[in-house]
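Student: I have a structure open and would like to go through it. Can we start with the strands?
Tutor: Yes, go ahead.

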Amino acid sequence: EIRDAEDWNIDIVPCAAQGHEPAAERNNRTIKERIRIQAQRLPCKCIPRVMMKVLGVTATEQLNYFPAKNGLSDFYSPGVIMGEAPLDYQDNFIVTCGSYAQAEESTTNTMKARTLDGIYLKALRNGHGVMDLVTGKPITRHKVTTFPTADDIIRAVERMAIDEGCKSNTFRSKSGELLSDADWIAGVDYDDYDEEDRDDDN
């Protein structure tokens with residue numbers, strides 16, 4: 001909430017009810033497209049809410065990774081200007097969301113497992129975010145090791161999503177029309193039987 005806008009020399013122009021602000025709409029479409037791309041890159045046909053939420057947060061954060069055109073600085077990104085830690089390739093870009101990871105557990109000299117199975121979510125300032133494959137809850141660990149994602153891991157993630165009511169990573173318009181990948185490529189259309197197959201999957 002902004003108070004005493006006149007003291008700050010701010011001219012507030014609220015949007016009318018049921019109106020649309022072009023800049024905000026363009027920003028929303030950009031975020032949706034980035035989420036769609038990340039979801040389609042995953043090996044799972046459907047993912048639980050924890051992973052989908054991280055995809056949304058990551059897509060939004062990535063917009064602040066680089067200096068903005070006509071922004072405050074030609075050299076510093078909005079994230080750095082607002083106090084975020086500088087990005088590091090080894091820490092922030094080696095592992096992607098959805099990768100199978102073994103998260104280290106702090107144990108003593110017992111028979112307890114030293115690691116737990118998880119799905120990598122995102123890099124944190126002092127560690128890593130991981131979804132526990134047993135509980136489905138997000139956890140944080142200081143060190144993780146990634147491995148190729150086996151079919152059993154993919155099926156486990158899909159079962160979590162199905163239990164939450166999600167059957168596929170499909171996107172639909174406001175009217176319920178299925179938005180296929182070809183909808184964003186001019187001159188490319190899916191055949192009718194392809195559309196029927198996609199509907200059957202849902």
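Student: Which residue is the bridge partner of A101 in β5?
Tutor: The partner is T146. Strands here are DSSP runs of E with at least two residues, helices are runs of H or I with at least four, and both are numbered from the N terminus.

Student: How many bridges join β1 to β5?
Tutor: There are 4 bridges between β1 (residues 100-104) and β5, and the two run antiparallel. Two strands pair if DSSP finds at least two bridges between them.

Student: What is the order of the strands in the open sheet?
Tutor: The 5 strands go β4-β3-β2-β1-β5, with antiparallel pairing. β4 (138-141) and β5 (144-147) are at the edges with a single partner strand each, so one side of each has no neighbour in the sheet.

Student: Is this a predicted model, and how are residues numbered?
Tutor: This is a predicted model, where local features need pLDDT of at least 70, side-chain atom pairs count only at pLDDT 80 or more, and totals for chains, interfaces and linings use all residues. Residues are numbered from 1 along each chain as its sequence is written, and side-chain values use heavy atoms, leaving out hydrogens and water.

Student: New topic. Where is K167 found?
Tutor: K167 is in the loop between α5 (151-163) and α6 (192-201).

Student: Why does K167 count as exposed?
Tutor: Because its relative accessibility is 57%. Exposed means over 50% relative accessible area, buried under 20%, and partly exposed in between, with a 1.4 Å probe and protein chains only.

Student: How far apart are K167 and I47 in space?
Tutor: They are 8.4 Å apart, C-alpha to C-alpha, and 120 residues apart in sequence.
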